[in-house]
Amino acid sequence: MSDMKVKICGLSTEDTMEAALDAGADMVGLMFFPKSPRHVTLSQACRLADMARGKAEIVALTVNMDPDGLSRINELVKPDIFQLHGTEAPEACAAIKVMQGTKVMKAVPVAEKADLEQAHYYDIVADWLLFDAKPPPGSELPGGNGVSYDWTLLKDLDLQKPFMLSGGLDADNVREAIRQSGVTAVDVSSGVEREKGVKDADLIRAFVAAAKGV
Ligand SMILES: O=C(O)c1ccccc1NCC(=O)[C@H](O)[C@H](O)COP(=O)(O)O
């Protein structure tokens with residue numbers, strides 16, 4: 001049994017959710033960002049979350065969402081974790097955690113070493129940190145762009161909370177990314193898609209197997 005944790009982000013269909021759960025994904029991400037090609041409606045999200053409950057942690061991904069929007073998702077979808085992928089300040093993360101009564105994962109955009117500094121502020125308030133690649137110039141999406149950064153930046157990072165490596169991973173590069181970064185958790189979206197926003201069950205299975213080394 002591998003200790004490597006795997007999150008598959010941006011699932012939007014029942015067959016790919018099933019593939020992620022059967023493959024042993026530890027977390028499954030549902031996207032609540034309307035501009036994203038992986039965006040799901042509340043009713044789709046409820047169905048997908050019901051499939052996952054008790055099998056994997058359900059992660060609701062939002063970007064600078066207002067409290068009413070978060071509460072609505074929380075009441076209907078009942079996620080385990082809110083992934084905050086915008087410019088939410090540490091105080092906002094703390095408030096969301098208390099108000100929603102869920103765990104919080106804060107995304108920290110990374111392009112160079114200096115970007116890791118802000119992680120220390122979130123380390124105090126979040127349950128998880130997710131080090132994702134900074135979006136390329138002009139991108140409409142703060143994540144899910146399929147780009148990566150220097151994985152060695154995460155080596156020997158001294159944080160209290162668990163963290164994930166994210167950005168540009170796929171079944172072919174994830175082992176090397178784990179080796180270079182020393183992480184114990186990885187996240188993927190584009191690398192398990194056959195086209196932008198369309199997840200592929202075989203690619204999901206291959207990614208989870210490669211990440212977990214099975
Ligand atoms: O995936 C999106 O469309 C997205 C949109 C807005 C904010 C965040 C988004 N994705 C966040 C994730 O957790 C992705 O899994 C992460 O950025 C890695 O994506 P990729 O490089 O495509 O594997």
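Which residues come nearest to the ligand? This report takes up that question first, then turns to the fold around it. The model is a predicted one.

## Around the ligand

The ligand has 26 residues around it. Those that come nearest are Cys-9, Ser-36, Gly-143, Gly-144 and Ser-190. Two elements, β2 (27-31) and β8, each give two or more residues to this shell.

Sorted by class, 14 residues of the shell are polar. Another nine are nonpolar, and three are charged.

## The barrel

Eight strands close into a barrel. Their order is β1-β2-β3-β4-β5-β6-β7-β8, and the pairing is parallel. On average, neighbouring strands of this sheet are turned by 25 degrees against each other, direction ignored.

Strand β1 covers residues 5-8, and strand β8 covers residues 185-188. The two pair in the parallel sense, over four bridges. Here Lys-5 stands opposite Ala-185 in β8.

## Two packed helices

Helix α1 spans residues 14-23, and helix α7 spans residues 201-212. They pack at an angle of about 20 degrees, and their axes are 9 Å apart. Angles under 35 degrees count as roughly parallel, so α1 is roughly parallel to α7. The crossing of α1 past α7 is right-handed.

## The annotated domain

An unreviewed UniProt entry lists residues 6-209 as "domain: N-(5'phosphoribosyl) anthranilate isomerase (PRAI)". Over residues 6-209, the chain is 33% helix and 22% strand. The end C-alpha atoms of that stretch are 10 Å apart.

Definitions and conventions:
Residues numbered from 1 in each chain as written. Predicted model: local features only at pLDDT ≥ 70, side-chain atom pairs only at ≥ 80, totals over all residues. UniProt positions renumbered as here; feature names shortened; annotations may be inferred. Pairing = 2+ DSSP bridges. Axes fitted to C-alpha atoms, helices over the stretch in contact; angles between N-to-C directions. Near = placed C-beta within 6 Å. Nonpolar A, V, L, I, M, F, W, Y, C, P; charged D, E, K, R; others polar. Parallel < 35°, antiparallel > 145°, perpendicular 65-115°, else oblique. Left-handed = near helix turned anticlockwise from the far one by under 90°.
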